[in-house]
Amino acid sequence: MATLLPPPKRQKVYHGIPEPEPESPHQSQNIVVQFISEEDGRSLAPAVNIPANLPRESLEALLNKISIQDEDPVPFSFHVNLPEDKNAPQGAPTRIVVSKSLEADVLDHPSGTFTSEDILIVHCSPQSVFRVRPASRCSSTLSGHTSPILCASFSPTGNLLATGSGDTNVRLWDLNTETPSHVLSGHKGWVLCVEWEAMERKLASGGHDGHVRIWDPKTGKPIGDALKGHTKWITSLSWEPIHLNAASPRLASSSKDGTVRVWSLLTRRAEFTLGGHTASVNVVKWGGADVLYTASSDRTVRVWDTKQGRPLHTLKDHAHWVTTLTLNTDFVLRTGPYDHTGKKPASDEDAQKLAQTRYTALLRTSPAELLISGSDDHTLFLWSPLSSTKPIARLTGHQRQISHVAFSPDGRWAASAAWDNSVRVWEGRTGKFVATLRGHVGAVYRLAWSADSRLLISASKDSTLKIWDLKTYKIKTDLPGHTDEVYCVDFVADKIVSGGRDRTVKIWKN
């Protein structure tokens, strides 16, 4: 009997069309790459010939191997600058960020600027060696305030949290247990700002009643009576940096009455009053070079000597109210002697040395203490105010008023938030535009950076918080949960706090 053969295998068809032949694997070409330091433009390694499809992680490993060798590997971010185009629309990208590979991001870029024949100049920025984990969940919703929460601030070590509200109270929260520790009552109006001393021994609060109050965070009791002198509400507070005065730092307060007062907490009196502005002083910052910076609705930024209270410079380029300021040293001034290692200073002298070391180390990466001012004229200016009254750069692109601007802890980047629903990222030393972060559908009120400068968080009128990844300039995590506008946000270690119109404080963690 003859053996029956099986029927021929039916050819698979898709909607009547035969299956296409499998493509042969794509052969990637080699390219020549020159790694350049973003900081000073020096070459980090000889030019190398590598496959164009080498993943970004392999680029990082290669650069560590050929440039750093024996030390622990350092994480890098990579980008390639686009050639300048005078006809490009305002706000057009100026760089290509390498997030996958040079082939996928640069050679296949829609602009068609680069080919495999070019020597690609890849700019490298070292990232912090420590890494902050992005928050992904709300670990606590803390109720207690009976009016919208207007300000929130972590203490320098991240163990305590202070929030101020329209209910005239400041509340302290213990972050180890995520429970309330003290209610600080004394203001007769809304609490508009809270500011920790960098040694965490005192907390200052400013209110709509025009009073400044100093509190002991351990007991929750006021230290003496309110500091009175301002005739209108307090807009901003700033402590004297620890590397200048560790034993008894002074406090500066700015007010709607157009003045700034510098208070000595030993005598509990105003050492002097700075009265040069002709309208509300919206922000005061105490710089590490022992000067005060003030921004006002009279369209000027002023620089003051803190020893005698005399004016040093007036910066006049804005065309409308100046509402926000940031220094590239903000983070080290705020945290004083405390860093990611968690070491505690043994004495005031020890704290002063540690704070001075951190401040000096940051200034090594920057030509000087830099300042960015943001205004209702939709623009920002980058200044080196101790060396010139002319701005280094004018930062344009926002379509509405600037609500907040913040330097990253390492001073490399600055981010600005505006009423046009967007966040923009700029180079911290040159003011060049880097990227626009879009995702919010309401005005963005407030920004905060992670301590490693890799993540940025934004709080918005649309009731959400968004964490942005500074390697890809995309949303890393969306944090919905608030039921109304979010007015304030702060970021310390891997914890985020937010508060707003819904009268609840939320703590976010990984």
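**Group meeting: WD repeats, cores and a cavity**

So, the unreviewed UniProt entry annotates "repeat: WD" over residues 142–183, 184–225, 227–273, 274–314, 395–436, 437–478 and 479–510; such annotations may be inferred rather than shown by experiment. Keep in mind that this is a predicted model, where local features need pLDDT of at least 70, side-chain atom pairs count only at pLDDT 80 or more, and totals for chains, interfaces and linings use all residues. Residues are numbered from 1 along each chain as its sequence is written, and side-chain values use heavy atoms, with hydrogens and water left out.

Two of those spans, then. Residues 274–314 are 54% strand and 0% helix, with end C-alpha atoms 13 Å apart. For 479–510 it's 59% strand, 0% helix and 11 Å. Strands here are DSSP E runs of at least two residues, helices H or I runs of at least four.

Now the cores: buried nonpolar residues (under 20% relative accessible area, 1.4 Å probe, protein chains only) joined through side-chain atoms within 4.5 Å. The largest has 24 residues, and Phe 35, Phe 78, Leu 102 and Val 122 have the most contacts inside it. Elements giving it two or more residues include β3 (30–37), α1 (56–68) and β7 (119–126). Another core, of 17 residues, lies apart from it, with Leu 315 and Phe 381 among its members.

Last, the largest cavity, meaning grid points (1 Å grid) where a 1.4 Å probe fits but cannot get out. It holds about 80 Å³, counted as space filled by probe spheres on the points. Which element gives the most to its lining? That's β5, with three residues. Phe 78 is one of the lining residues, as are Trp 413 and Tyr 473.

Notes. Buried means under 20% relative accessible area, exposed over 50%, partly exposed in between (1.4 Å probe, protein chains only). On a 1 Å grid over the protein atoms alone, a cavity is a set of points where a 1.4 Å probe fits but cannot get out, and a pocket is an open set with protein on both sides within 12 Å along at least five of seven lines; lining residues have an atom within 4 Å of a point.
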